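Student: Could you take me through one part of this model up close? I'd like a single connected account, with the surroundings included.

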Amino acid sequence: MVRKHVTGPFTIPVRDLVHRAGEMREHSFEVPAPEKWGEGLVSVAEGETVAVDVRLESVHEGILVSGDVDTEYTGVCGRCLTDIAQGLQVEFQELFAYPGEDEADFEVQDDHVDLETLVREAVVLSLPFQPVCQPDCPGLDPATGERLTTSAGAELSQPADPRWAALQDFTPDVPRSRGDDPTEES
Ligand SMILES: [Zn+2]
């Protein structure tokens, strides 16, 4: 997708590099994300700070753009739906070709390069498809919908069928602990 008119927070002038192969320049900037990036469980919110370090190299075919993005995504854990916010670093590299010759995904336009699409795609592609609040998130209890913790499960001690409770009364092997622990009462 090439825009006809290039203006925007991700647009960098490259007039001093155009057709001067071998020249190189580095550039750093921070801009708010112009819109929400990502459609999954997590995304980079509109207005979130997007920090870009970029190196612009003039090559024969155009301007080679490489760099890295540092931002933060927010959303919910895919297992327990807790809100999460995580830093995200991603690298990118793309050639912005001079217009007129071969069809290119990115082109130098009016002595500028617009990095917005490039940066957005790099960020969106690196967003986790199944984000988790922590690597061993136990998720939700399928019965209650509550968030599971390590102590969960202790509440599920009621006998499902009273006949089993009656059977337990006549089974000498079942240890009994009357009075001490109410979860053991049947
Ligand atoms: Zn979780």
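Tutor: Let's take valine 113 and work outwards from there.

First, some ground rules: this is a predicted model, where local features need pLDDT of at least 70 and side-chain atom pairs count only at pLDDT 80 or more, while totals for chains, interfaces and linings use all residues. Residues are numbered from 1 along each chain as its sequence is written. As for pLDDT, it's the predictor's confidence in each residue, from 0 to 100. The protein averages 83, and 76% of the residues score at least 70. Residues 151-159 fall below 50, and beyond near neighbours in sequence that stretch has six contacts in the model. Where pLDDT is low, the predicted coordinates should not be read in detail.

Now the layout. The protein has two helices and seven strands, in the order β-β-β-β-β-β-β-α-α along the sequence. Helices (H or I, at least four residues) and strands (E, at least two) are DSSP runs, numbered from the N terminus. Valine 113 sits in strand 7, residues 112-114.

Is valine 113 buried or exposed? It's buried, because 23 other C-beta atoms lie within 10 Å. The cut-offs are 20 or more other C-beta atoms within 10 Å of a residue's own for buried, 12 or fewer for exposed, and anything in between for partly exposed, with C-beta atoms placed from the backbone. Buried residues make up 19% of the 186 residues in the protein.

What does valine 113 touch? Leaving out residues up to four places away in sequence, the list is Ile12, Val14, Ile63, Val65, Phe96 and Val108. Contact here means that the C-beta atoms of two residues, placed from the backbone, lie within 7 Å. Take valine 14: it's 99 residues from valine 113 in sequence, yet the C-alpha atoms are 6.9 Å apart. On the scale of the protein, among contacts between residues at least 6 apart in sequence, 60% join residues at least 24 apart.

Valine 113 also belongs to the largest nonpolar core, which has 25 residues; Ile63, Val65, Val113, Leu115 and Val119 touch the most other members. Such a core is a set of buried Ala, Val, Leu, Ile, Met, Phe, Trp, Tyr and Cys residues joined through C-beta atoms within 7 Å. The elements giving two or more residues to this core are strand 4, strand 5, strand 6 and helix 1. In soluble globular proteins, nonpolar side chains tend to be buried together.

Helix 1, residues 116-126, has Leu118, Val119 and Val123 buried. Looking down the helix axis, the buried residues of helix 1 fall within an arc of 125°, so they line one face (the arc is that of the directions from the axis to the C-beta atoms). An α-helix has 3.6 residues a turn, so residues three or four places apart point the same way. The cover over the buried residues of helix 1 includes strand 4 (49-58), strand 5 (62-76) and strand 6 (83-97).

Strand 4 has two distinct faces: Val50, Val52, Val54, Leu56 and Ser58 are on the covered one, with Thr49, Ala51, Asp53, Arg55 and Glu57 on the uncovered one. In a regular strand the side chains alternate between the two faces of the sheet. Strand 4 forms a hairpin with strand 5, with three residues between them, and the two pair antiparallel over eight bridges. (Strands pair if DSSP finds at least two bridges between them.) Alanine 51 stands opposite aspartate 70 in strand 5.

Strand 4 is also joined to strand 2 (residues 24-32), antiparallel, by nine bridges. There valine 31 has valine 50 as its bridge partner, and serine 28 stands opposite aspartate 53. Strand 2 itself is hardly covered: the count of buried residues among its nine is zero.

Back towards valine 113, the loop between strand 6 and strand 7 holds aspartate 110. Its phi is near 50°, positive although aspartate 110 isn't a glycine. Most residues other than glycine have a negative phi. Aspartate 110 counts as partly exposed, because it has 14 C-beta neighbours inside 10 Å. Aspartate 105 is found in the loop between strand 6 and strand 7 too, and is partly exposed with 13 other C-beta atoms within 10 Å.
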